[in-house]
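Dear colleague,

I am handing over the structure we discussed, and below it you will find my notes on what turned up when I went through it. Please read them with the sequence and the model open side by side.

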Amino acid sequence: MYGSNTSSDGMHHVSALNFGDPIRKHEMHCRFKQKQPWQWVAITGSVGLLIILLLVGHICHATVNRIAKVEDDYNHMMELKKLAEAADIAKSKFLATVSHEIRTPMNGVLGMLQMLMDTRLDETQQDYVRTARESGKALVSLINDVLDQAKIESGKLELEEVSFDLRAVIDDVLSMFLGKSQDKKVELAVYVSSKVPATLVGDPGRFRQIVTNLVGNSIKFTDKGHIFVTVHLVEEASETEFERDESLSGLPVVDRRRSWSKFRSFNQESPATSSSSSDQINIMVSVEDTGQGIPTEAHSSVFNPFMQVGPSITRTHGGTGIGLSISQCLVHLMKGEIGLASSPHIGSTFTFTAVFSNINGQQQVNGSISSSEFQGMRALLVDPKKVRAKVSKYHIERLGIHVEVVPDLSLGLINTPTVNMVFIEEEIWDCKNLGNPKMLILSNSCSSDSARSPFVITKPLRASKLAASLQRAMGVSSGGNNLSREIHALSLRNLLHGRKILVVDDNPVNLRVAAGALKKYGADVVHAERGAKAITLLTPPHLFDACFMDIQMPEMDGFEATERIRKIELGIKKGIEDGELSAEAYGNVSNWHVPILAMTADVIQATNEACARSGMDGYVSKPFEAVQLYREVSRVFQTMSDESH
């Protein structure tokens, strides 16, 4: 087996062996007794080749099948994607159409009820009509919530950018729940920090919707104690303005700091989030209540759509469970965060942040209301509860009154004898304490016995209501402080009296409601039920001052009718400028432009952008509300007046 021994007869096989010795090389020689038959070699070679070919073929086939399956899956997914997009579009159109079809008769009902309330009715009839109207408004509000949820899911919800008074918005929200809070004997209050600017730029409607949802939930689940709304700047969160061991009503409350403890803006060092810049104002709103509270295991699901804490909640209090979900989405659109802190049988606190713009980048802070009647007066506020006293002081000082807070009336009159008025809480009022200063009782109930009280001011305190109450109590003329809707009604009468207005609507009930609302303010109203007729009536020359056009009409919708009217007006203007038409034939007016306001219940399609694209000058929702109608009409007529000059 050692040494060289080679053979070329094919019967000899040599294998090298290496045991680690670099000098000695080892080999193993094997000799076969006989050669393999060529038939066996051919068979085994053919079988091996066949196996190799089969394996290669299988691999190729599997690869082709895999590629085909991936392509089929991709095509299937694309088809499903198109179907999903088509379903989403169909759902949006369905909701828009159904909402319009539901809201149209509902707005007819609400409008007729409003017209009925303007007639001579006794107290019982007024109560019936008012109840029916509130029920209709609740149904419309539910429809709006469902539509908002649909717009949020489709990503089509956008925010406005207009200037607004945050304090006025909060006061309006509290006014909505005045009756419910008094019926439950729950104290409702608001406090806005003096560092919050008087005017902000953002979406007041959506901000009001968030606060309304939170306060509405608190009213629903609170049977005793208080509901307290506070507004601060984000950087004030660390300041202990209200002590943890004290509350508005004296009942225990949850630690409100827990409601914002997980906010990113408080857990990271960032100048953009830790403080408000000159252009951005980051505010924080908290709604605290002493209601039933929410179990800890339900905290993670309260913001899910159509979710309730438990089935008994739905049976007892009702509701759809989408208010908090919508609020969370709106807060995110406002670049903010929302959280809660709650304990069963103690209460809940919901807190959210929102980023608004500051007007002209100026840090103007002015929460007071200029009132010459009360500016510079001195008042004494008697209240042993610190939080409640601070809230009452905030509202009184908004009228320009200097306020001194004392826990006891007799002690306060001794230390501050020269005061114009005394505010005292009803629970500590004693009818024997009737002195020279004007006594005003702060009460949570409107059923206080006025015979035993000098003068009662019911809560929640609001600047406008407090001013009106003080005017009556002090005998000051209130000629310049009418209710806003009365002011709007008088202004609308001045704007619309004698104006010739065309109302276009295919629904005869809504046509009557719109015409009746405009005639109430002295307008001369002409009806039209189709867009084609509106084009005929508004083709120059004509005598119409404005047009209220429904959007969804058969044969021709309001957008198309408006576009055709604008083309006719533009063609006449161009013809007069080119000398092809005579100005005398068109009343010596070369620039014809009749104001057209969209009049619709479709809250998805009736947007400023859609109206502007078709040439409309704005839109009003049905049924007409005096405030919105005044805002749009005054803006349109003011624009016309400016252009004429």
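Just after helix 15 comes G522, a residue whose phi is positive, near 90°. Please bear in mind here and throughout that this is a predicted model. Helix 15 itself runs over residues 508-520, and its 13 residues reach 18 Å from the first C-alpha to the last, which is close to the 18 Å expected at 1.5 Å a residue. At the other end, where helix 15 starts, a side-chain oxygen of N507 comes to within 3.0 Å of the backbone nitrogen of V509. The buried residues of this helix are N510, L511, V513, A514, A515, A517 and L518. When you look at how they are spaced, it may help to recall that an α-helix has 3.6 residues a turn, so residues three or four places apart point the same way.

In helix 17, which covers residues 558-577, I looked at T562. This threonine counts as buried because its relative accessibility is 0%, the cut-off being under 20%. Its side chain reaches the backbone oxygen of G558 at 2.8 Å, and, if neighbours within four places in sequence are left aside, T562 is in contact with M549, I596, S614, G615 and M616.

A second buried position lies in a loop: L461, found between strand 14 (456-458) and helix 13 (463-474), has a relative accessible area of 7% and is therefore classed as buried. Not counting residues up to four places away in sequence, L461 touches S392, H395, L442 and L466. The C-alpha atoms of L461 and L174 are separated by 9.0 Å, although these two residues are 287 residues apart along the chain.

As for cysteines, how many disulfides does a search of the whole structure find? The search returns 0 disulfides, a disulfide being a covalent bond between the sulfur atoms of two cysteines. Two of the cysteines may interest you at the bench: C60 is partly exposed, with a relative accessible area of 43%, and C329 is also partly exposed, with a value of 23%.

Finally, the aromatic rings: the count comes to 6 aromatic pairs, and F164, F207, F352 and F356 together form one aromatic cluster. Another ring, that of F544, has the charged end of K500 sitting over it, 4.9 Å from the ring centre.

With best wishes

Notes
Residues are numbered from 1 along each chain as its sequence is written. This is a predicted model: local features need pLDDT of at least 70, side-chain atom pairs count only at pLDDT 80 or more; totals for chains, interfaces and linings use all residues. Side-chain values use heavy atoms; hydrogens and water are left out. Helices (H or I, at least four residues) and strands (E, at least two) are DSSP runs, numbered from the N terminus. The expected span of a helix is 1.5 Å times one less than its number of residues. Buried means under 20% relative accessible area, exposed over 50%, partly exposed in between (1.4 Å probe, protein chains only). A polar contact is a pair of N or O atoms within 3.5 Å; within protein, one must be able to donate a hydrogen and the other to accept it, and residues adjacent in sequence count only if both atoms are side-chain atoms. Contact means heavy atoms within 4.5 Å. A disulfide is a pair of cysteine sulfur atoms within 2.5 Å. Rings of Phe, Tyr and Trp (its six-membered ring) pair if their centres lie within 6.5 Å; planes under 30 degrees apart count as stacked, over 60 as edge-to-face and the rest as tilted. A charge sits over a ring if NZ of Lys or CZ of Arg is within 6 Å of the ring centre and within 35 degrees of the ring normal.
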